[in-house]
Structure formats: structure tokens, C-alpha cells
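I am opening a notebook on this structure and will write down what I look up, entry by entry. The sequence and the model come before my notes.

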Amino acid sequence: MAGCAGVFAEEGNQVNIAGSSTVFPVTEAIASAFSEENPTVNLSLSKTGTGGGFGNFFCAGRTDINNASRAIADAEIEQCGENDITPIEFQVATDALTVVVNPEADWVDCLTVDELHDIWRAGGAERWSDINEDWPDEEFELYGAATTSGTFDYFNEAIIGEEENHRSDYHATERDRTIVQGVQGSEYAMGYFGFSYYSENPNSIKALSIDDDGACVEPSIETAMSGEYTPLSRPLFIYVAKESLADPAVRDFARFYMERAATDLVSEVGYVPITEDQRDENVSKLDEAIAEVTE
């Protein structure tokens, strides 16, 4: 499987994928399994953020598939339409968006949604002691998703809300491992990203439980699956360009992806697989689209 930083090969035995860093581990695992069975197909996979993937690559006709940690926006659908791209949405997993701190931060194990809101809103808390007077009188060192990220959009919607803005004075990045390293490096740090990146580093960063309704709930595959982990569990998607399904390589990979998204391959990278019913719905939707472009 070939990596790619932004310049994609011509179509043929080629599938070009960009988008969300959150969905990246799922697509990477499925792409690796696909490549073992289809060594002549070249898969180019790039992390650009959900919005960056839609705006710069997918809706511009430069990629066949966009990984997305949120649903496509109306403006993106419009941009795709202007370029004769028809996006088809497939849910491929569920994530437990995870808030993490340094393991030395022994004063905090759980935050309420209101406390998270106050930490991450523009003009909000500056120091740990602003949230709880018993906590250290030390400034937050904050790490989070860049504004092109679907993770940013989802966190902003779920925690900040429409009335206020996400603070801008934080370390913003599309590279989730940079967030891991930042939180590992400071006792007073906090960050957020997809559960997969926490599950890779459970001993060097600490995940916080979230209290949305009077009880602290840990982020996990189980609590995301059960619906207990609110409001930060969320669906993850890929979008396939309908027009690209005229290419046999894209068709084969998309069908392979739909089948594998319902297996342990997804849970092994830290997310909740789709159900068999969701898989069947995806396959039916895919088959309908393939029939329309290959008639």
C-alpha cells in the first residue's frame, strides 16, 4: 500500500483516499487486508482532515473516497455537485471521542460536560483552579484537533454549542500522535481525539470519564456501543464518489470495506464495528450505485 501526501496517481488499478485522521486507522487496517488479497491494486491513503479532504481532494475530483468523522456539510455537497461528484455515505464504525490528561494529573478522573465546556470555550477557564479551587493553580496546556478536522467540528457541536466558539489558544493539529506527545510531556496538559489513539497509549496518557447525566462514564468500545458514553460517541463514515465506482478497483475495495467494517478488524484498532444489518444496508446501497454507473 502506497502512502501519499497530496499528489494522487491517475485512475486505473488505483484507489485514492484522503480525509479524517480519526477514520484513518480503520481504513488503513482494511486497506492492508485488501492489499494482501489484491497486490496489483495501489491504494494511496492520506490524512488531510475531514474538511480538508472534502474541500481539497474529494469534491475537487482528486480522490475516490473521503474518510470523515462527521457527515458531509451542505457546502461540501454543493462543491461536489459543481464538479459532477456524487458522494455516497457509508457509516463504517462508531467512535468514543476521548479527552485525555497526563497520568500525573491525579486530581482529575472525570469532568462534567459543563466543565469541559468552560475549559474549551473562547474566553473560558485559564487554569485548573478556575474549574475547581482544590485543583492546581496552573495554566492549562491544551492540545486538540485543527479546524479542518471533523473531530473539531464534532467536539465543537457536542461540547461548545452554537452560542459560543471553541477557544483558539491551543495547540491545533491534524496529527493525533502530536496530541499524545504533548499530553505525555506536561502534567497540566489536556487533549482530545478519537478513542483509537488513546487505546494505543493507555499507560502513558489517562482518559477522563465524562459526566453528562449525573454519572461518570469511561470512554470505551463497550460504552460507545451501548450508548452510555454521551455526548462524545459518534458515527464514523467514508464517502465514495459514485462516479469512481465505474472503476473496478474502486468497486472491489468499496465492497471489501463494507464487509470488513462489520468485523473485529475495526475493534482491533479501537472502534465499534457496524452491525450486520448496517453492513447489509451498506452493501445494498453500494450495489445500487454500482448498477447505475455500469449499466
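What is the strand order of the open sheet of 3 strands, and what kind of pairing does this sheet have? I note before answering that the model is predicted.

**Entry: the sheet of 3 strands.** I read the order as 7-12-13, and I find that the pairing in this open sheet is mixed. I then looked for its edges, and these are strand 7 (110-112) and strand 13 (216-217), each of which pairs on one side only. Following strand 12 (residues 209-211) to strand 13, I see that the two run antiparallel and are joined by 2 bridges. For a single example I picked isoleucine 210, whose bridge partner in strand 13 is valine 217.

**Entry: the sheet of 5 strands.** I turned next to an open sheet of 5 strands, where the order is 9-8-10-6-11 and the pairing is again mixed. Strand 9 (171-173) and strand 11 (206-207) each have a single partner strand at the edges of this sheet, so one side of each is left without a neighbour there. I checked strand 8 (residues 141-145) against strand 9 and found parallel pairing over 3 bridges. Within that pairing, I noted histidine 171 in strand 9 as the bridge partner of tyrosine 143. As a reminder to myself, strands of a sheet pair through backbone hydrogen bonds, either parallel or antiparallel.

**Entry: the two domains.** I looked up how the protein chain is divided, and I recorded domain 1 as 14-94 + 235-294 and domain 2 as 95-233. The C-alpha centres of domain 1 and domain 2 lie 28 Å apart. How many residues of each domain are in contact with the other? I count 20 residues of domain 1 in contact with 18 residues of domain 2. The area buried between domain 1 and domain 2 is about 1400 Å², and carbon and sulfur atoms give 52% of that area.

**Entry: contacts across the interface.** I searched for salt bridges between domain 1 and domain 2, and the count is 1. I also followed the side chains of aspartate 153 and arginine 70, which meet in a salt bridge with an N to O distance of 2.6 Å. Polar contacts across the interface of domain 1 and domain 2 come to 10 residue pairs, with both residues at pLDDT 80 or more. On the side of domain 1 that touches domain 2, the elements giving two or more residues are helix 1 (24-37), helix 2 (50-58) and strand 5 (87-96). Helix 2 provides the largest share of that side, namely 3 residues. Sorting the side of domain 1 that touches domain 2 by class, I get 7 nonpolar, 11 polar and 2 charged residues.

**Entry: two backbone details.** Most residues other than glycine have a negative phi, and most peptide bonds are trans. I therefore noted, with that general rule in mind, where the backbone departs from it. Threonine 230 and proline 231 are joined by a cis peptide bond, with omega about 0°, and proline 231 lies in the loop between helix 9 (221-226) and strand 14 (233-241). Aspartate 84 has a positive phi, near 60°, and I located aspartate 84 in the loop between helix 3 (74-82) and strand 5.

Methods. Residues numbered from 1 in each chain as written. Predicted model: local features only at pLDDT ≥ 70, side-chain atom pairs only at ≥ 80, totals over all residues. Heavy atoms only, no water. Domains from an automatic or database assignment. Contact = heavy atoms within 4.5 Å. Buried area = accessible area lost by both parts, 1.4 Å probe. Salt bridge = Lys/Arg side-chain N within 4 Å of Asp/Glu carboxyl O. Polar contact = N/O pair within 3.5 Å; in protein donor to acceptor, adjacent residues only side chain to side chain. Helix = DSSP H or I, 4+ residues; strand = E, 2+ residues; numbered from the N terminus. Nonpolar A, V, L, I, M, F, W, Y, C, P; charged D, E, K, R; others polar. Pairing = 2+ DSSP bridges.
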